[in-house]
Amino acid sequence: MSRALVIGGGIAGLASAALLAREGHQVTLVEKRDQLGGRAGSWEADGFRFDTGPSWYLMPEVFDHFFKLMGTSAAEQLDLVQLDPGYRVITEGVEEWTDIAASREENIALFESIEKGAGRELERYLDSALDTYEMAKKRFLYTSFQSFGPLLTSDVLRRAPKLVGLLLQNLDDFVAKRFTDLRLRQVLGYPAVFLGSSPFDTPSMYHLMSHLDLADGVLYPMGGFTTLIDRIHHVAVDHGVEVRTSSPVARILVDEQTSEARGVELVGGETIDADIVVSAADLHHTETRLLPEHLQTYPESYWQPRNPGPSALLMYLGVKGELPNLEHHTLLFAEDWRENFEAIFGPDARMPEPASLYICKPSGVDPSVAPEGHENVFVLVPAPADLKFGRGDVAGDGDTRLEAYADRIIAQIAEWTRTPDFAERIVLRRTYGPGDFADDLNAWRGSMLGPAHTLKQSAFFRSGNVSKKVRGLYYAGASTIPGIGLPMCLISAEVLIKRLRGDTSTGPLPEPLEASRPAAAPAA
């Protein structure tokens, strides 16, 4: 039995450890912090419990597939509820708010009610989104791109002209050719933020994202996303994974004679031997801090021209009384769409004002996340990935620049959601900024999500999941293929298993996962 060591206890690390154990390896997972989850962590205070990061449950079949690989299912592990409306959109300067429904048919009718002809146009748009989404799952998401042969299939070649066109046109232009009303264009363009990018830079290939919220609908796991992390953790432990928190890694151990990974050394000097090392930590940190320069596949020079994606101001707010104007998910969009993204991604990095932002109020459906008579409010304001914008803290004790910006955001929320006493009703406040992402998660430049999904950082252009310099060193998580988001991180764990097997197929593995052979150290 080979020994596998996984660095990082976020969803990608936990899923990688679970699948490796299912495959027959002896697995130890080490996590820097005293809690698991990474970006999908949890924070509790004064009777409130906040998910610290991800809050959209999209691509439910990916979560279910992971659990089925492990011999269970999402239905057995989670209590999922359908949100209806899926989310609310408040656009600056538009009196009427837009509620996105739980079904494709209702959303087609909604688009038609806002812009004549937009309903039929949305039908075509969503048909294309579904076709592209299914093609992505079948051919591009579950592959390591170790070989391009399996990609040269009749279905891919038949769609090649369309796929090339979608790659070369940005999402905003793609949407603007089909819809005029600003609200509709923002609903179809905002998923670029899920990809750590801007609709002006994201390839229109990613219009597939609109199938997820406008046709499939939005779910919520009762108990919050910490429940999802808890269930994956338990599945991993049930398969024999040893999980060690408060165990930061100082360096990856490499045999200098053979260039083979031999384990890790923890801060403090303890060493843990392994035949396989999988880093699900931030890839920039892994490569530039845990390996010597001559063994780095992705050295500092690799990262300098690349786009880290946005950082964010996060706020965790406990609010007294009800907030009926907020749905479970509420999006506030500035009228000057392009200027907003220019502030975040342009050369003159600045906090956008007014900001386009996202609010989550899970207490509307989940009473476990807030004391009776109170609301749990999570606010995310995309911001430049720049550490100079500071760190947050509890009760306004973060960096002055960040806290002053948070005050302005609270005032904006009060005005735009027609809740004039919003600030006065806040009984608990915590802020979190780019510096916190860097400190807590070793995030490159304080990025909130990971490297942006621009054309040059997507699919086979994205950082690979195996070291080219160290035999037995692999990668998983948002920094590598297939990319950003909880579903993508789960898929990255499966792509890791396929890489270890030498499996160059492009689709998901059969359920449940059966060990391909007695686990041993991988071949070069």
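**Exercise 1. Classify Arg-244 as buried, partly exposed or exposed, and describe its salt bridge.**

Solution. Arg-244 has a relative accessibility of 23%, so it counts as partly exposed. The classes use a 1.4 Å probe and protein chains only: buried is under 20% relative accessible area, exposed is over 50%, and partly exposed lies in between. The structure is a predicted model, in which local features need pLDDT of at least 70 and side-chain atom pairs count only at pLDDT 80 or more, while totals for chains, interfaces and linings use all residues. Residues are numbered from 1 along each chain as its sequence is written, and side-chain values use heavy atoms, with hydrogens and water left out.

Next, take the partner. Arg-244 forms a salt bridge with Glu-270, with 2.9 Å between the closest N and O atoms. A salt bridge here is a side-chain nitrogen of Lys or Arg within 4 Å of a carboxyl oxygen of Asp or Glu. Arg-244 belongs to strand β9 (residues 242-244) and Glu-270 to the loop between β11 (260-266) and β12 (271-273), so the bridge ties together parts that are 26 residues apart in sequence. Helices (H or I, at least four residues) and strands (E, at least two) are DSSP runs, numbered from the N terminus. Glu-270 is partly exposed at 38% relative accessibility.

**Exercise 2. State how many salt bridges the rule gives, then locate the pairs of Arg-418 and Asp-127.**

Solution. The count is 32 salt bridges. Side chains of opposite charge can pair when their charged atoms come close.

Step one: Arg-418 pairs with Glu-95, at 3.6 Å from N to O. This pair links distant parts of the chain, 323 residues apart: Arg-418 is in the loop between α16 (400-416) and β18 (426-432), and Glu-95 is in the loop between β6 (87-91) and β7 (98-100). Arg-418 is partly exposed, at 41% relative accessible area, whereas Glu-95 is exposed, at 64%.

Step two: Asp-127 and Arg-104 form a salt bridge of 2.9 Å, N to O. Asp-127 sits in helix α5 (residues 118-140) and Arg-104 in helix α4 (residues 104-114), so parts 23 residues apart in sequence are tied together. Asp-127 is partly exposed at 42% relative accessibility, and Arg-104 is partly exposed at 21%.

Step three: a network of salt bridges links Glu-61, Glu-134 and Lys-137.

**Exercise 3. Compare the end-to-end distance of helix α1 (residues 11-23) with its expected span, and say what covers the helix.**

Solution. The expected span is 1.5 Å times one less than the number of residues. For the 13 residues of α1 this gives 18 Å, and the end C-alpha atoms are 18 Å apart, which agrees.

Of those 13 residues, 12 are buried, so α1 is largely enclosed by the rest of the structure. Among the buried ones are Ile-11, Leu-14, Leu-19 and Glu-23. The cover includes β1 (3-7), β2 (26-30), α2 (60-69), α12 (225-238), β13 (276-279) and α18 (486-501). After the helix comes Gly-24, with a positive phi near 115°.

**Exercise 4. Find where Val-241 lies and what it touches.**

Solution. Val-241 is in the loop between α12 and β9. Its relative accessibility is 6%, so it counts as buried. Leaving out residues up to four places away in sequence, Val-241 touches Ala-17, Ala-18, Ala-21, Val-27, Leu-29 and Ala-236; contact means heavy atoms within 4.5 Å. Pro-161 is 80 residues from Val-241 along the chain, and their C-alpha atoms are separated by 46 Å.

**Exercise 5. Identify the strands paired with β14 (residues 311-320) and the direction in which they run.**

Solution. Two strands pair if DSSP finds at least two bridges between them. β14 has 10 bridges to strand β17 (residues 374-383), and the two run antiparallel. Within this pairing, Ala-312 has Pro-382 as its bridge partner. On β18 there are 6 bridges to β14, again antiparallel, and Leu-314 is bridged to Tyr-432. In β14, 9 of the 10 residues are buried, so the strand is largely enclosed by the rest of the structure.
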